[in-house]
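Student: I have a structure to go through and some terms to sort out. Can we take them one by one?

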Amino acid sequence: MIAPHSPLFRIGQGWDNHRIEHGRPLILGGIQIPSEFGLAGHSDADVLFHSVTDAVLGALALGDIGMHFPDSAPEWKGAASVQFFQHALQLAREQGYFLSNIDATIILEKPKLKDFRQQIRENLAQAAGLPLTSVSVKFKTAEKVGPVGEGLSCEAQAVVLLARNT
Ligand code: C5P
Ligand code: MG
């Protein structure tokens, strides 16, 4: 029999990708970015919140966002993705863990996002209950290569560290 395992730290990684779609808002980290297009998705298609949610679920080895919030469920249509993240954090708390820090990257060819870095970080920090100094959000283009580079989609990657309460 394997002994109960409750390590001091748990690391998690998340990745997501959404198709670009005209006539939709571009919402990243809960912030609406001025843009000619948005992202396709069942919820608000917030690729950043989806990747950090998957990172937290991954740290806990509790599956992925689609397992907890199926995109076939009518109640999640147009949903604000911050609630998926907060659900994952609740699961962490129930297991005696708190979020230590977030490091995320959004890969999008355009528009430029750097003017919104502070707003996105503040919103993510507030949702996470973390100080700003523990929330990093980076932006990259894909240098015009591949689906992201050709302006067909937007990707996000995230790493989180959970620490045990006691
Ligand atoms: O992808 P690349 O290294 O050329 O990006 C250069 C800088 O442009 C990044 O460091 C980032 O600050 C910014 N950027 C941005 N919005 C994007 C992509 C990149 O603000 N959509
Ligand atoms: Mg998603």
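Student: What spacing do the donors of the magnesium ion (ligand 2) follow along the chain?

Tutor: The spacing is D-x1-H-x31-H. This is a predicted model, where local features need pLDDT of at least 70, side-chain atom pairs count only at pLDDT 80 or more, and totals for chains, interfaces and linings use all residues. Residues are numbered from 1 along each chain as written, chains are lettered from A and ligands numbered from 1 in the order written, and side-chain values use heavy atoms, without hydrogens and water.

Student: What makes D16, H18 and H50 donors of the magnesium ion (ligand 2)?

Tutor: Donors are N, O and S atoms within 2.8 Å of the metal (3.2 Å for Na, K and Ca). D16 (OD), H18 (NE2) and H50 (ND1) lie 1.9 to 2.0 Å from the ion, so they qualify. D16 in strand β1 and H50 in helix α1 are 34 residues apart.

Student: Why is D16 called buried?

Tutor: Buried means under 20% relative accessible area (exposed is over 50%, partly exposed in between; 1.4 Å probe, protein chains only). D16 has 15%, so D16 is buried. H50, at 7%, is buried too.

Student: Why are α1 and α3 called roughly parallel?

Tutor: Angles under 35 degrees count as roughly parallel, over 145 as roughly antiparallel, 65 to 115 as roughly perpendicular and the rest as oblique. Helix α1 (residues 47–60) and helix α3 (residues 82–94) pack at about 15°, with axes 8 Å apart. Therefore α1 and α3 are roughly parallel.

How values were computed
Axes fitted to C-alpha atoms, helices over the stretch in contact; angles between N-to-C directions. Helix = DSSP H or I, 4+ residues; strand = E, 2+ residues; numbered from the N terminus.
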